[in-house]
Amino acid sequence: DDLPVFLLLLWTVKFLLKSNALSLSDDIAMQAHTLVWFRRNLRIRDNAALSAAVKRGLPVAGVWVAQGSSEIPNPRQDWFHYQAAAALHRSLAARGVALYAVNRVEELPALATRLNVQTVIADEVYTSSEIGQDNRIWRILDEQGVAFERVNDRTVFAKADIMGSHGAPYTDFPHYKEAWLALFRQRFGGQDAGGGCVEIFQTTSVEMPSFPAWSGQQDMVSAQRGGEDEAGKQWQHFEENIGFYPIMKDFPVRKGTSRLSAYLSAGCISPRVLAAEAAGQGADAWLDNLIRRDFYQQLAYHRARIEPESDAESAPFSDDLTERWRQGKTGFPLIDAAMRSLKLSGWLHPALRSLTAEFLCGVLHQPSEHGIVWFATQQTDFDPALNEGNWQTAARNARRCSIDIIQTARRLDPDGTFVRRHIPELAHLPVNLVHTPWLASSEIDAHGYPPPVVAP
């Protein structure tokens, strides 16, 4: 006789618990939030957007948009950013902050409504396509009564921090560098760059949203994994040998560079923290890279890009020449080794990026736009502002002075190791021929490696 009473009591308890859970869920939905839109700042340490959100005092949530603003497909970078976002999801969840993943930026306003978001905070953008996207989202959010704020998280100094006379941006690097260093000493001299990690957040999320499974290309090959912890490990590894950077940086076969570009592009590590640590160790040669990175970003924003002067005198576009360059079949071994390496790994040594760009513009006389697009599809560390800035600088350099490809190849790869690694057809050639296989006698087989597409 007591069993029906017990079952009735059990049903009542379940009903009350369910009702309370629903009520709690409704309360969470009505609770005001600050939403951090993570883009190219996929980290916690020294994240200005996250810090600004925490300071507002409301519960914090995050959102990551799987499809970026770039219209150029780059599966390898998509995979790297996915890894970085997944790592960020875990780090935020451990601190009580939910990170929501959406497929398209158009889904962001709906999420803001669902979470009763008062303010969306994101990292500043620099290129025209990103700015156009921001303007579209801002209008939608504004109609919903949601504020949209942006803070500097991609560079050491924001886009308007360093200006020349009459408020105009610097368009030449030497003067920009001088002004950058002066401001750096004033703002960060002897101080930490703000690399502390915010440990306590406010949140009302009962259950953390799961992170979606990877839905992109399944056979991705990448030499590095995305994520803040991976970026920290890479920096520590490089930091141990940073004193050798000025000596080793121009040899592609050596591991003399930081290999941090992909992590900087995704925002897995803070350029402010890196600048402070590099300056503290007197690593001025490597610090130049961060300064130039700031330089190209502010140029992109101010529409003051270096004009691609060499294109004015370029030959008519040749699909055959450009395709041979893309596929590493120009007949110039170091150029071809570099292009094959880029296609295989998604990364290319900085010296080889400049050389291959100058070769396309100055030797093959092809427009830089085709190189800009190709690098954008291949690089794990693709950044639109840096890619365009570097290419336009290379095009200008190619116009101003002729390139001695053979001498440059022998300087960058003196024993031919890099060429042999990426062009097995030439692996048997001696040092005196590996960069000039066309000089080999007819008795030496080049295994199908093509002759030069233009006269050496």
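Visitor: At about what angle to β3 does helix α3 run?

Guide: The model is predicted: local features need pLDDT of at least 70, side-chain atom pairs count only at pLDDT 80 or more, and totals for chains, interfaces and linings use all residues. Residues are numbered from 1 along each chain as its sequence is written, and side-chain values use heavy atoms, without hydrogens and water. Helices (H or I, at least four residues) and strands (E, at least two) are DSSP runs, numbered from the N terminus. Helix α3 (residues 75–94) lies across β1, β2 and β3, and its angle to β3 (0 to 180 degrees between N-to-C directions of axes fitted to C-alpha atoms, for helices over the stretch in contact, heavy atoms within 4.5 Å) is about 150°.

Visitor: Which strands stand at the edges of the sheet?

Guide: The open sheet has five strands in parallel pairing (at least two DSSP bridges per pair), ordered β3-β2-β1-β4-β5. Each edge strand has a single partner, so one of its sides lacks a neighbour in the sheet; these strands are β3 (98–102) and β5 (147–151).

Visitor: Which residue in β2 stands opposite Phe38?

Guide: Strands β1 (residues 33–38) and β2 (residues 60–65) pair in the parallel sense over five bridges. Opposite Phe38, in β2, stands Trp64.

Visitor: With which side chain does that of Arg39 make a polar contact of 2.5 Å?

Guide: Arg39 lies in the loop between β1 and α2 and has a relative accessible area of 10%, hence buried (under 20%, 1.4 Å probe, protein chains only). At 2.5 Å, its side chain makes a polar contact (N or O atoms within 3.5 Å, one able to donate a hydrogen and the other to accept it) with that of Asp134.

Key:
Buried means under 20% relative accessible area, exposed over 50%, partly exposed in between (1.4 Å probe, protein chains only).
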